[in-house]
Structures are given as C-alpha cells and as structure tokens.
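Q: Please take a close look at the salt bridges in this structure, for someone who has not seen it before. Which residues pair, where do they sit along the chain, and how open are they to the surroundings?

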Amino acid sequence: MAKYLVIVESPAKVKTIKKFLGSNYEVMASNGHVRDLPKSQLGFSVENDYEPKYITIRGKGDILAALRKAAKKADKVYLATDPDREGEAISWHLSKALKLDDKKMRRITFNEITKTAVKASIKEAREIDLKLVDAQQTRRMLDRMVGYRISPVLWAKVKRGLSAGRVQSVALRIIGDREEEINAFIPEEYWTLEAQFAVKGEKKPLTAKFYGKKGQKINIHSKGELDEILKNLEGASYEVDEVKKGERTKKAPFPFTTSTLQQEASKVLNFSTQKTMRLAQQLYEGIDIKGNGTVGVITYLRTDSTRISDEAQKAAQEYITEQYGEEYTKVTEKKDSNKKKIQDAHEAIRPTDITRTPISLKESLTRDQFRLYQLIWKRFTASQMQPAKYETTSVKIKGGEYYFTTSASKLKFDGFMAVYVQEDDEKSDKTVLTKGLDETSELTFEKFNEQQHFTQPPAHYTEATLVKTLEELGIGRPSTYAPTITTIIARRYVAKENKNLYMTEIGEVVNNIMKTSFPSIVDVHFTATMEELLDSIAEGLIEWKTVIRNFYPDLDEAVKTAEKELEEVKIEDEVTDVICEQCGRNMVIKYGPHGKFLACPGFPECRNTKPYLEKIGVPCPICGKEVVMRRSKKGRRYYGCENNPECEFMSWQKPSKEKCPNCGGYMVEKGNKLVCANEQCGFVKIQPKDKGEEA
C-alpha cells in the first residue's frame, strides 16, 4: 500500500514520476485546473468585497472523487503542480477541493522531470505560497472583469462571438498602431555611391563606399546632390589615407527564455508560438527514449530567466572541454544585465542532460520535436562557450575633399559559433581586402557605382516580433504570449499571411471601439503597470484586493458609458441597391469573419449571400471602371478593379481620383498626404485637414 500521494497536473508525467519515486508513492493527475469562477456569471460581487466564488469545473467530479479517495489513504499528500504562479494556484485549489489538512499536505516543485530533480523536491517540500496564489487569483479576476464586462458590449454593438481581453486587446492595438504607421509612411529618396579602384600589384579591384568629408558624414538625398559630389570629384586623385587593424569579439547568446525560444523558433523553424509551446511541453513532460524509458529532456518551458544551475554549468563545462577543447569553455557565468526577471526562481530553458545530444535522440523524437530540441540544445551549449573573435580591417580613401571607406572582418576563432550560428552570423562580411594594402598602396580610379533607394516603412509584425514587443513593454508573461496571439487570430481580428500579421476589418472595428470607449484597457503603460502590481502581490508588497478595488469601479463606469454612447454608432445592417435575385429584396451588408458581405434580409426564408464590393468613387487607373475595396482570403484589406480578373489593378493603399501632376500616374492616400504610387516619381501633396468629400 502506497504511503504517499503525489498529484501532478498532466497525466503524461504520472508514469515517469512513479518510476522515479518507487512503490511507496502513488502518482495521480488533476488534468489541470479543478476549480474556477463559474462560466455563467462574473464570479464575485462588489457587495461581498470582490470575494471570488469558485465552483468545480464541469467534468472534474470523477477525478476529484478518485483523488479524495487516494488522499484519505495516504500518510502525506505532495502537490506537484507546475512550478509557476498558475501551478501554485492549482495546488491551492486542490487543497480546498480535497479538504486537505495542512499537516498532511506539502507543496513540491521541480524544474525538470528527472530522477534527481524529482527526488530532491521531496526533501525540499514546503507550504503553499499564498502570495503567489493571490497574484494568480488577481490576474484571473482582472481577466474575467475585462472579458465578461466588455465582450457583451461588443456583441451588442458589432456581432456575437467577439471578445475583449486584458492582454489580447492591447496586442491588437499594438498591431493596429503599426498598420497606421505603415499606411501613413511616405518613402524618402536617397542615393548611395561606391567607387571602384585598381590596386597596384593586385588582381582584384577594391570597392569603397562614399562617406563624406573628414569628420562629417554626408547623406545623399537626391540626384542633384549626387551630381554635385560627382562634379567635385572630377579629375580627383585617390590615396589610402588610413588602414586600421583591430579585433572584434561576438559574445555567446544567453540560453533561451520562453520569449526568445518562441522568437527563434518562429524565425528559424517557421513555428507558430502555439506550436513551439506544444512541442516544448512534450519535451518537458517526457519522451520515451529507447533503453532509458520516459524522461523529460528539457527544463520547465515557462520562464523569463536566463539563469542556469551550478550543476548544469559544471556539466556543460566538462562536456565542452571534452568535445571541443578547453579553449572553447567559458569559465565564468554570463550575467544577464536586463531588468529584474519575474520568474527567476526558474532556470532558463535548457537540456536536462547536455550529453543527451540531438543526434542521440533523433530516433526517439518526431521531426518537429527533434528540430526544437536541437535548437534548445545548441543554444544552451553555445551559451556556455567562449566568444567568437574576428580580425578587422578598416580603410579610409581620400579623393579631393571627400572620403570613401571600406572594411572587412575575418573569423579568427569561432568560439560558440562552432555549435550555434544565428541568422545574423550567417550574413558574414563578404568584402575582400588585399593582403598588402597600406598607406603607401597606389590606387587607380576605375568607375563609380551610383544607386537610387527609397526608405522603407516599418515592417508588419510577425508572431516573433510581436512576442518581443510584448516582452519589452512588460505586457503579459511567458505563459500568455502564445494564447494571446492564438486568440486574436482565431477571432479573425488579425490575419496571418507569409508570417506577417495584418488587421482585418472586424479587428479594426473592435480596436476602434476599445480605443474610444476603454482607452485605459488598451493603454500599453497601464497594462504594463498592472503586470508590475501582480508581481508586487506575488512578493507580498501589496494586498490583492487593493488592486481589484481600484480597478473595477473605473471599468464598471466605462462599460455603462459605452452601453449608452455606443448605441448611436451601432453597426446596423446597411441596405444596398443590390437586388436579391432569388426573392427581389434589397440586400443588406452583414459582418462575417472576413469582413463585410451581402445577405438577403429575408433570412431564414431566403439564404442568398454574395461578396460585398464597396465602391470608393475612384475610376480604375487601368481600365476606367470602378475601384472597389476587397478583402484577401484571410481578411486583409486591399483595393482592386471591379472588373477583376479581366483587369489586374490592385493597390494596398487607397487610390485617389487625383492624378499626379508630375508623371500623370495615380496617387494614393497616406495619412493627410497624397503620394504618387510611382516611387520613382516621389511626388507628395499635403491635403487640407478640413477637406470635405469630393463630389
């Protein structure tokens, strides 16, 4: 008969942990949360001082009954839920649902599912950290308040099925703000100038970039400025003014946090944040390794710390010394100079055993598990290695009053790059400098290479860059990045095309309502401050109800105001002059997941629908028919000819009736400016702010 009961979250861990602990231990799973706020109501009342009302989650009755039975028989119950704020709360809810005696119950945590870590956790058993529980409880209630109070406003004003969220709405606003920047961006012209020289005694020519005058960098903005420089350089003689040699080091990267793992897996493996977390969870919970049974191969996946244990550091040093040589081994631990980490109790994400190389596990892992594990293993191993060293050479060439420069670097010692090469490292310096180049080298001018460029707008967010931005702004936590992005895509607020995230029409509607009626909820600084308050609760610096008492009254007032004021801007079904060919009624505009569409108002008797083509009153620049606003399959807005596919006209920016006075081409609207669509022309016209509708 087992004397001790260990309760974990996931059934996937049960068999492995039971094997580690032996016959005196029974191991069972709670399958995640067992209690929560009721779905049918807010779950608390102001009159009762915001005391939450928890109920057993539907479907968990049998699990709790089995756990109660086992707990009664056990001498001691160890609550081994995940080692984070959410896991602490699950343990607390289990203690309440199972009515566990404080003396009988202990809390244990382990950062990795290995025999050593699990056995050590039993020796370090402790009480439940109620400060962490309070922090999770506060976060849950704040999320419930925002979701349950604002979502019904969106249902009433737009359509059912929409939702607002404390973190998701801010993420949506960040994407929307970036799209506004892109749409308002005006390209600016600039030129680059290179000079090619023959070096006496060398076969290959030398190419150098225009710099400016001595101590003064000159940017070339127009062809006129370029021509002026070229005129001044006519007949100039060129000489090597300075050759400077040096050394540059490139430091090893930190091991992965949740955020950096999601970013790198997106860039390198093209994984969504959701997929990365799912695979990492599998690697953490345990893989069936031939000859070894089931074992967790990485440490806990939700962390914002880059710290590693002394044992892991020592094991890495021994492995690197043996496999690569002592010169590759980093002796001192790399310190992260970033701001204080919230979950520094955890280590960074690393292999549980560095000697368990990716290739040795390849047969035990799926293709995607292998690719992610390989990324984690290489990153961790590299983090414990010496920096890479480069030999650098920079050259200044004088011609008249101007200077040209060129530089090159050569890898002298690969260090950590023997294991891990990032995207930026692969773009190595391809400039070739002659070996004997010095201040006495004779140069013969051969030709100029001049090129016109235009500045580019900010890039659309990808999942990787959005995660990076959320982390930098202090919005959300490692566990929230993936579900936040998954939610705004699932709600069709955002479309994902070729990695880029675009706001859909329904996303624009929701974002505008949130910015107008609930500005504090989508305020980046307010949300980041709220995260800091949650951390303060976890540290015991603030009483949790103080945060709730300060937050809810303002939200309640904003909701009531929105319910009154937004009635006037409710999106009604707009009647069109398009006749339903099935029943003869005038069709109306409806909103769907991809934006607007035409539907017969006779539903359900008549179910006729068709695409909605919104005319913008501008003739097609190619064929003269009407330009209409369209949506891509994923909901991104663009402008095309109503005669598509016969006419191929298409523009991401809204075209204008006005023709370009310079080249006669069509113009597009960018903020308060009209810009020629032909970048080579570059004509820009400021529109008056009080400009009315054109007839």
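A: **Salt bridges between distant parts of the chain**

Asp 82 counts as buried because its relative accessibility is 6%, under the 20% cut-off. The model described here is a predicted one. The partner of Asp 82 is Lys 13, and their side chains meet in a salt bridge with an N to O distance of 2.6 Å. This pair links distant parts of the chain: Lys 13 belongs to helix α1 (residues 11-21), while Asp 82 is in the loop between β5 (76-79) and α3, 69 residues apart. Lys 13 is buried as well, since its relative accessible area is 1%.

Side chains of opposite charge can pair when their charged atoms come close. The structure holds 35 salt bridges, and two further examples follow.

One of them joins Lys 545 and Asp 49, whose closest N and O atoms are 3.7 Å apart. Here too, distant parts of the chain are linked: Lys 545 is in helix α18 (residues 544-565), and Asp 49 is in the loop between β3 and β4 (55-56), 496 residues apart. With a relative accessibility of 10%, Lys 545 counts as buried, whereas Asp 49 is partly exposed because its relative accessible area is 29%. Both residues also belong to a network of salt bridges that links Asp 49, Glu 51, Glu 543, Lys 545 and Arg 549.

Another example is formed by Glu 112 and Arg 350, with 2.8 Å between the closest N and O atoms. Glu 112 is in the loop between β6 and α4 (115-123), and Arg 350 is in the loop between α10 (310-324) and α11 (358-361), so this pair, 238 residues apart, likewise links distant parts of the chain. Both Glu 112 and Arg 350 are buried.

A record gives some context for the beginning of the chain. An unreviewed UniProt entry carries the annotation "domain: Toprim" for residues 3-113. This span is 33% helix and 19% strand, and its end C-alpha atoms lie 22 Å apart.

Charged residues also form a patch on the surface. Glu 239, Asp 241, Asp 438 and Glu 439 make up a negative surface patch. Asp 438 is placed in the loop between α13 (423-426) and β15 (443-454), and this residue counts as partly exposed because its relative accessibility is 30%. Asp 82, by contrast, is buried at 6%.

Terms used. Residues numbered from 1 in each chain as written. Predicted model: local features only at pLDDT ≥ 70, side-chain atom pairs only at ≥ 80, totals over all residues. Heavy atoms only, no water. Patch = residues over 30% accessible without salt bridge, like charges linked within 9 Å, V, L, I, M, F, W, Y side chains within 5 Å. Areas by Shrake-Rupley, 256 points an atom, 1.4 Å probe, with all protein chains shown as cover. Salt bridge = Lys/Arg side-chain N within 4 Å of Asp/Glu carboxyl O. Lys, Arg positive; Asp, Glu negative; His and termini not counted. Charge placed at Lys NZ, Arg CZ, Asp CG, Glu CD. Helix = DSSP H or I, 4+ residues; strand = E, 2+ residues; numbered from the N terminus. Buried < 20%, exposed > 50% of the residue type's maximum accessible area, 1.4 Å probe, protein only. UniProt positions renumbered as here; feature names shortened; annotations may be inferred.
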